[in-house]
Amino acid sequence: MPAQQTPAPARGTATLNDARAQLAAAVELLGYDRGTYDLLSVPRREVSVSIPLRRDDGTVEVLTGHRVQHNYSRGPGKGGVRFSPRVDLDEVRALAMWMTWKCALLDVPYGGAKGGVRIDPRQYSAAELERVTRRFTSEISPLIGPTQDIPAPDVGTDEQTMAWMMDTYSVGAGHTVLGVVTGKPISLGGSLGRASATSRGVVHVALAALRHLGLDPRGCTAAVQGFGKVGRGTARFLAEAGVAVRAVSDQDGAVAALDGAAGLDVAALEAHVDATGSVAGFRGGVAIVGEELLTADVDLLVPAAVEGVLHEGNAADVRARLVVEGANGPTTAAADALLAARGVLVVPDILANAGGVIVSYFEWVQANQAYWWSEDEVEARLADRMTSAWQQVLAQSQRHGVDLRSAATSLAVQRVAEAHVLRGLYP
């Protein structure tokens, strides 16, 4: 019998509801009408595809994939592709909407898109993942392209995934199309600095926010949830900036600094993860329950894993003065309200983790020009964009007397709405 898929999780609907609630609040703040909300609350285009996979043992399994283009009024769609057992269509819709706001907020000439395949990549061989990637790419290829929609890596995917996607699309086009995806290997037109861009962006904003709170980063402590593409680099760059990283976690475990230690030895922890695949069992720390990390007694909390980890049930126990969202949608609407009431400053995902899309944009520009920049150039331009966006969001927050999420979303929605007005409606 063919293998059966796990039913799609329901939490994606809650994530979409949160995204739409944020949009509604921004529309109200800006004084726009109901038509503007209706226009921006639904995707412009979406597709769901079946992905038949021949497993290595000869059995056939049918997976489900999605690609959603929320908005492309300011430019081609842009957004990651995730391989995760949690993927469902509503989740992808929410993530695509957040990408629209993220690109607008950072003044990148893209709209928002997102894609995913419901699969646990840890349960499949490299050959099977290649077959899944290539079939998914071929199914969505009419919707993607360097002037239409440019995918990038996300949860469960990496630069190898992007290489397979680029090659599959290029075979169909009859020539190499480097700009169809970003986050590629350097040898295939990737950008220097792209792999660490999201983490660096998180840290640029985190350090600025700590200083805004009157805190010297060199005397601060942090906890980082997630030790993957975003969390790992975030922990490293925070430590390099003098912030003591007191606790980290991944999907298999969590560790905290030993009693008497200022923080974890992040370099040693990275070596342990490289050797074992998880933070669990790290001898330079003490094992804790993953949930304990979110309520650790630290100055800075960086949720850099998945959506909805800060919620009504635990937000009241968060002791950090600052939350910087490394993941997309880690804080529910109910948690947002609780944290705001307690004076906790939350830097929203569409600002905090925008470093990846900024350097993805740089990679796309370089591919289109066939001219590549140095890593120093990339990192300097990234720092400039992140710092400028932080200052704009902070000013918007102070001007309207709203939290940073409302400020960031309203700035982004305003820019997208202006593009709609200038372009007009067809016909």
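In this predicted model, the count of aromatic pairs comes to five. In one of these pairs, the rings of Y110 and Y361 have their centres 5.8 Å apart and their planes at 90°, and because planes over 60 degrees apart count as edge-to-face, the pair is described in that way. The two partners belong to distant parts of the chain, since Y110 lies in the loop between α3 and β4 whereas Y361 belongs to helix α12, with 251 residues separating them. Both Y110 and Y361 are buried. Another pair is made by F362 and W373, whose ring centres are 5.2 Å apart and whose planes meet at 55°, so that this pair is classed as tilted. Here F362 is again part of helix α12, while W373 sits in the loop between α12 and α13, eleven residues away. A relative accessible area of 4% makes F362 a buried residue, and W373, at 12%, is buried as well. Together with W364, the four residues Y110, Y361, F362 and W373 form one aromatic cluster.

The nonpolar interior can be described next. The largest nonpolar core has 82 residues, and those with the most contacts inside it are W101, L105, V248, L269 and V347. Helix α3 supplies the largest share of this core, namely nine residues. A second core, separate from this one, has 22 residues, among them V81, F83, V117 and V181. When neighbours within four places in sequence are left aside, V347 of the largest core is in contact with V205, A209, L322, V323, V324, E325, A352, W390 and L404.

The position of V347 also leads to the sheets of the model. An open sheet of seven strands, with mixed pairing, follows the order β9-β8-β7-β6-β10-β11-β12. Its edge strands, each of which pairs on one side only, are β9 (285-287) and β12 (345-347). From one strand to the next, the twist averages 20°. Strand β11 (residues 322-324) runs parallel to β12 and is joined to it by three bridges, and V324 stands opposite V347 in β12.

Antiparallel pairing is found elsewhere in the chain. Strand β1 (residues 45-54) pairs with β2 in the antiparallel sense over ten bridges, and R45 stands opposite Q69 in β2. These two strands form a hairpin with five residues between them, and in the turn G58 has a positive phi of about 95°. Strand β2 also pairs with β4 in the antiparallel sense, in this case over six bridges, with N71 standing opposite G112 in β4. Nine of the twelve residues of β2 (residues 60-71) are buried, so this strand is largely enclosed by the rest of the structure.

Among the helices, α1 (residues 11-30) has 20 residues and reaches 29 Å from its first C-alpha to its last, which is close to the 28 Å expected at 1.5 Å a residue. Its buried residues are G12, T15, L16, D18, A19, Q22, L23, A26 and V27. Because an α-helix has 3.6 residues a turn, residues three or four places apart point the same way. The elements that cover the buried residues of α1 include α2 (34-40), α3 (89-105), α10 (333-341) and α14 (404-423). Just after α1, G31 takes a positive phi of about 75°.

Some further features concern the backbone. Most residues other than glycine have a negative phi, and most peptide bonds are trans. Against this background, D107 has a phi near 55°, a positive value in a residue other than glycine. This residue, D107, lies in the loop between α3 and β4 (111-118), and because its relative accessibility is 47%, D107 counts as partly exposed. A positive phi near 55° is likewise found at A370, which is also a residue other than glycine. The loop between α12 (355-369) and α13 (375-400) is the place of A370, and with a relative accessibility of 56% A370 counts as exposed. Finally, a cis peptide bond, with omega at about 0°, joins Y426 and P427, and P427 is found in the segment after α14.

Technical notes
Residues numbered from 1 in each chain as written. Predicted model: local features only at pLDDT ≥ 70, side-chain atom pairs only at ≥ 80, totals over all residues. Heavy atoms only, no water. Pairing = 2+ DSSP bridges. Helix = DSSP H or I, 4+ residues; strand = E, 2+ residues; numbered from the N terminus. Axes fitted to C-alpha atoms, helices over the stretch in contact; angles between N-to-C directions. Expected span 1.5 Å × (residues − 1). Buried < 20%, exposed > 50% of the residue type's maximum accessible area, 1.4 Å probe, protein only. Contact = heavy atoms within 4.5 Å. Core = buried A, V, L, I, M, F, W, Y, C linked by side-chain atoms within 4.5 Å. Phe/Tyr/Trp six-rings, centres within 6.5 Å; stacked < 30°, edge-to-face > 60°.
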